[in-house]
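User: I am new to this structure and would like a close look at a single part, the aromatic rings and how they pair. Please take me through them slowly.

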Amino acid sequence: MSFFSKIDKTFSKISDKAGRVATGVVAEVSSIVNKNHRHDEEHEIEADKIRTAICESHRFKSFANQRGENFVKWHIDGVDYFWAASELLSSAKECIMIQDWWLSPELYLRRPPAKFPEYRIDRLLKKKASEGVRIYIIVYKEVTQGMNLGSSHTKHHLMDLHENIAVIRHPDHIGTVDSTRIWSHHEKVVVVDNHFACIGGLDLCFGRWDSHSHPLADAHPTDFSQTLFPGQEYNNARILDFQKVHNFVSNTVSILQTPRMAWHDVHMTIAGPSVLDIVQHFTERWNELKFRKYKSDGRYDWLQYPHDKLAAPNEPVHQLRHRDEWLEKGRRFRQRFHKGPEWKPMDDDHPHLTPMGSCKVQVVRSCSDWSHGVLKESSIQTAYIELIREAEHYIYIENQFFISNTGDYGPVQNRIAAALVERIVRAAREGKRFKVVVLIPEVPGFAGDISTVDDLQKILAATWRTINRGGHSIYEEVRAAGYEPKDYIRFYHLRSYDRINAPWPSFIRRMEEQSGITFHQAQIALAKQWIGVPEIWAQDVVEIKEPDVTKEGVVVPESVTKTEEIRLPATVEEATATIEKFQSSAKSLRDDHQVSDSVAHHALADSTSLLDEKWLGSDQEELDAYVSEILYIHTKLMIVDDRRVICGSANINDRSQKGNGDSEIALVVEDTDMIDGVMNGEPYKVGRFAASLRRKLYREHLGLMKPESVEIQTPFKMPAPTPNPDETNDIGDKLVRDPISIEMENLWNGTAQRNRAIFSELFKTVPSDTVRNFEQYKKYVPKATVCHLAPGQSLEHVKKRLCEVRGHLVEAPLDFLIEETGIWENADWKGLNPTLQVFI
């Protein structure tokens, strides 16, 4: 027994509180003195050798091998994935496992909430727990000084609902042997009954649900039941980040004036043998954290691996150190993929048993000692690099970040950019047509003015140093090899527009006068409807915050925003009467049902035009109602040659890729169901999963798909193994079939450039290629309300130009602030700033 183990044993005999404090001090000290404390004893060294050998034997050096016969299904945007998640959670019979960076118990998985109140996560989990389903949840324990994720509320709210729900928050930030103040658990995983799983970019939290139209407005003055984004859900992190999220019906921005920030993402549901590897990952994490935090707490079960040794004796998991120990004391749940002689179907079994589908899947991850109790694994980065190197024609990337390095140049460690340069230069030297398309957010999704906020500048600098600045970026390295980088790789963003139906003088104010109820009072009554009759704690006061009118890009600090606290109505009945009185006051004023509460759907292939939209207020009120905002790309996705896909929780940055930073998980998917495709004008067989996903994304971004009702169930909203509809014969699908043809390139770039020109003209959007330094920035930014039209334009001109917007794709302005070299050429990038790793 080590010296620190003896001290720890002594302290355990002291009173609980004093013992916890003393043990925490010892743990913190021991982790500093011996950073290898979980890997230095003989049995630990042997266990590490076994794990290392397993990883070395697998492609990408992953803990998991590739498995066939999986059914994998993609879901684009929260509207489809959250509905699918609600179906899976509702189907649970034995267990639910959830691992999230952020989990909001009050999140509605189906919209509008007024129509689907039972599909709020806390209500759904309580229902399943009361049916006997065991529920295990791991959430990131945030540093509360810098984030507002409410993980403490998540834990206590859910565990108070039912004894079958257990929640672990991790990591602790001080006083533990695995203290970390920088890294996070970043996986977004759901597992149901060891049979179905979900992996991708979407946390089950506020701000993530969105439709394919990506509306920015949600004001419904005459029918509050149509609200899609209740309370905290109506958020714009570029204006003001989430605040006090446990007060879930409070609002951080005004729905009458400020647009929400739209959200684009991709998630997957899977049924098949690779679910066992996802369960292995969760089981190891859960048991490791139970051992560290709740070793003797019966509320937290030990879990068994689901793998059946008799039916599948060659599974690598059977070699692992804790396998027999966990088998003896852990809770076991049924699995349906290893069918030995004792396996029998049950009457209440899930349908669609093996073989499930046509996809070969390999689970890859980023994890290390602090997060998982293992030596560093960075199989996600290895997979990215190898898939890039093996690409034949085309790479498509969507990611929240794009921070990498082409070599040993500065503090960024991951080499995804180097792989891209290597592959592009090889194609150029061979004289072959090769294309890389990258979509990232226009600006980081954090509040602040680019000209003054250091955090924003650090992330932008890291991104620019990866793309086209700093001496060794992708563009600079390709040019140094003698080729024009834009012939091979280009960057793009997404942006949306909308019209807020809130004409103040001519309508809203008159409704207030007519009803004797203010709009905000009616909104507070709506909040009471959302809360209902709480079974446990619920807020009784709602805060309303409205940023002052400011210029584009400039944010009012929280300390000077207007804050109003209003007490909720005492009963739901009182709240309903208040809403009905306010809404009915419109009857004597105008027939508001003629006016759309959102016009964002016109960016898609709608049967009508923006010019067809009615407006019953004044022209100036309509001008004031138009808004534009970035469509935030949160996806973590790469598609190679329309054949191979990697998708999960990992960003392209060091935090996600290096292995001993944030913990991550992803799937590498290769479909054996090959369909007819086209590559550079030639017939080319493609995988159904990869090709259908890439084509659907193109159609959304180019506005070649029809808008859909969010409240109607479609096959796209059903989880695996219900297939997505076959759209290969649709006109829009045919237009985007060949990703590297000249015609496709012209359509893609033409749309991106036209949309960029329109938004820049009407809204003076930032970033812009016309703004090369901060002096130009000051002159360019209009004196207008944030996200609203620049002044001095006619309504006719604005509507005519917005009618020309197709989809959400905009070209990336890579010359923005290019003369401000001090942003990306300073001491930070010479390794002299230890805090830089937080941002990169």
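Analyst: What follows is a walk through the ring pairs, then the charges that sit over rings.

This is a predicted model, in which local features need pLDDT of at least 70 and side-chain atom pairs count only at pLDDT 80 or more, while totals for chains, interfaces and linings use all residues. Residues are numbered from 1 along each chain as its sequence is written, and side-chain values use heavy atoms, with hydrogens and water left out.

A pair of aromatic rings is described by the distance of the centres and the angle of the planes. Here, rings of Phe, Tyr and Trp (its six-membered ring) pair if their centres lie within 6.5 Å, and planes under 30 degrees apart count as stacked, over 60 as edge-to-face and the rest as tilted. By this rule the count comes to 27 aromatic pairs. One of them joins Trp101 and Tyr140, whose rings are stacked, with 6.4 Å centre to centre and 15° between the planes. The pair links distant parts of the chain, since Trp101 lies in the loop between β2 (95-100) and α5 (121-130) and Tyr140 in strand β3 (residues 134-140), 39 residues apart; helices (H or I, at least four residues) and strands (E, at least two) are DSSP runs, numbered from the N terminus.

Buried means under 20% relative accessible area, exposed over 50%, and partly exposed in between (1.4 Å probe, protein chains only). Trp101, with a relative accessible area of 17%, is therefore buried, and Tyr140 counts as buried at 3% relative accessibility.

Trp263 and Tyr632 form an aromatic pair that is tilted, with 5.1 Å centre to centre and 50° between the planes. This pair also links distant parts of the chain, with Trp263 in strand β7 (residues 262-264) and Tyr632 in strand β16 (residues 626-633), 369 residues apart. Both Trp263 and Tyr632 are buried.

Ring pairs also build a cluster, in which Tyr136, Phe282, Trp286, Tyr294, Tyr300 and Phe333 are linked. Helix α7 covers residues 275-293, and 17 of its 19 residues are buried, so α7 is largely enclosed by the rest of the structure.

Finally, some rings have a charge over them, which is counted if NZ of Lys or CZ of Arg is within 6 Å of the ring centre and within 35 degrees of the ring normal. Arg110 lies over the face of Tyr119, at 3.8 Å from the ring centre, and the charged end of Arg365 sits over the ring of Phe63, 3.8 Å from its centre.

Key:
Expected span 1.5 Å × (residues − 1).
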